[in-house]
Amino acid sequence: GNGDKWAVPLAGPANRQGRMIADNIFGGEKKMRKFKGTYAASVVRVFELIGACVGMNEKMLSAKQLPFASVHVHPGSHAGYFPGAKSVNFKLLFHPTTGQIWGAQAVGEEGVEKRIDVISTAMQGNLTVEDLADLELCYAPPVGSAKDPVNIAGMAATNVIEGLVEQVDWKELKRAASLPGVVILDVRNPGEIEKSGPLIEGCHVKTINIPLDNLRARVAEIPADTE
């Protein structure tokens with residue numbers, strides 16, 4: 001992402017370097033090839049879950065003191081009205097002002113590596129998060145959505161860069177909830193809450209639950225003197 005050297009023991013880059021060496025040995029000066037580096041696109045399957053990543057993660061960016069922002073999105077692997085859709089838990093890391101893509105990670109049961117492959121291609125083509133929002137990708141209800149998870153991540157990241165939203169990272173949520181004048185608005189429906197539990201353990205008093213579908217009608221229930 002930023003030109004640094006790193007060790008990436010993956011079969012794909014190794015095979016491409018093997019071809020490069022052979023071409024340079026037998027092809028003469030007319031076919032001299034250079035290794036363009038690797039973005040470390042990789043995938044693993046653990047029982048029913050698939051995890052994939054590309055580029056730098058948050059720990060690496062922090063160690064290198066590179067400026068970054070991130071968005072977490074959890075869209076379906078394909079259209080929700082078609083049976084069998086699985087959640088794609090997707091994290092996109094990017095430069096907070098330029099929109100340069102630093103990396104991405106995703107976990108789910110279906111459609112995970114497909115999205116990371118798109119991000120890998122976008123990074124190698126020097127696309128930004130704004131470009132991700134406009135990518136045209138294959139869509140049919142059994143295999144995708146009209147707004148692909150990659151599009152959604154790009155849209156969310158663009159909103160951050162343009163200042164349309166101000167995020168509180170999940171790691172900071174408990175600390176933010178403890179601040180005076182702050183209330184947590186939980187817009188999940190009862191079924192989602194029953195399945196995944198409270199947003200913050202021990203902070204139930206400061207949490208107001210109004211399902212998103214009812215928010216407009218019940219907006220007056222949110223205290224006006226809180227953040």
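A surface patch here is made of residues with over 30% relative accessible area and no salt bridge, and nonpolar side chains are joined within 5 Å. In this predicted model, Ile21, Ile25 and Phe26 make up such a nonpolar patch, and together they have about 380 Å² of accessible area. Phenylalanine 26 belongs to helix α1, which covers residues 11-26. Its relative accessible area is 73%; phenylalanine 26 is therefore classed as exposed, since the class begins over 50%.

**The sheet**

Five strands make an open, antiparallel sheet, and their order is β1-β2-β5-β4-β3. Strands β1 (42-46) and β3 (69-73) are at the edges; each has a single partner strand, so one side of each has no neighbour in the sheet. From one strand to the next, the twist averages 10 degrees.

The partner of β3 is strand β4 (residues 88-94), and five bridges join these two antiparallel strands. Within this pairing, histidine 72 has lysine 91 of β4 as its bridge partner. Helix α5 (residues 149-161) packs on the sheet and touches β3 and β4. The direction of helix α5 makes about 140 degrees with that of β3.

Strand β4 also contains phenylalanine 94. Is phenylalanine 94 buried or exposed? Its relative accessible area is 0%, and because buried means under 20%, phenylalanine 94 is buried. Phenylalanine 94 and isoleucine 152 are separated by 58 residues in sequence, and their C-alpha atoms are 14 Å apart in space.

**Salt bridges**

Side chains of opposite charge can pair when their charged atoms come close. With a cut-off of 4 Å between a side-chain nitrogen of Lys or Arg and a carboxyl oxygen of Asp or Glu, the model has ten salt bridges. Three of the pairs, among them one in helix α1, are set out below.

| Basic residue | Acidic residue | N to O distance |
|---|---|---|
| Arginine 19 | Aspartate 23 | 3.4 Å |
| Lysine 86 | Glutamate 109 | 3.9 Å |
| Arginine 218 | Glutamate 221 | 2.9 Å |

Arginine 19 and aspartate 23 are four residues apart in helix α1, so about one helical turn separates them. Which of the two is exposed and which is buried? Arginine 19 is exposed, at a relative accessible area of 56%, whereas aspartate 23 is buried, at 18%. The value for aspartate 23 falls in the buried class because that class covers anything under 20%.

The side chains of lysine 86 and glutamate 109 also meet in a salt bridge. This pair links distant parts of the chain, with the two positions 23 residues apart: lysine 86 is in the loop between β3 and β4, and glutamate 109 is in the loop between β5 (101-108) and α3 (112-124). Lysine 86 is partly exposed, with a relative accessible area of 33%. Glutamate 109 is partly exposed too, with 41%.

In the pair of arginine 218 and glutamate 221, the closest N and O atoms are 2.9 Å apart. Arginine 218 has a relative accessibility of 28% and counts as partly exposed. Glutamate 221, at 42%, also counts as partly exposed.

Salt bridges also link Glu58, Lys91, Asp169 and Lys171 in a network. One member of this network, Lys91, is the residue of β4 that serves as the bridge partner of histidine 72.

Technical notes
Residues are numbered from 1 along each chain as its sequence is written. This is a predicted model: local features need pLDDT of at least 70, side-chain atom pairs count only at pLDDT 80 or more; totals for chains, interfaces and linings use all residues. Side-chain values use heavy atoms; hydrogens and water are left out. Patches are made of residues with over 30% relative accessible area and no salt bridge: like charges are joined within 9 Å, nonpolar side chains (Val, Leu, Ile, Met, Phe, Trp, Tyr) within 5 Å. Accessible areas come from the Shrake-Rupley method with a 1.4 Å probe; for residues, only the protein chains shown count as cover. Buried means under 20% relative accessible area, exposed over 50%, partly exposed in between (1.4 Å probe, protein chains only). Two strands pair if DSSP finds at least two bridges between them. Axes are lines fitted to C-alpha atoms, for helices over the stretch in contact, and angles run from 0 to 180 degrees between N-to-C directions. Contact means heavy atoms within 4.5 Å.
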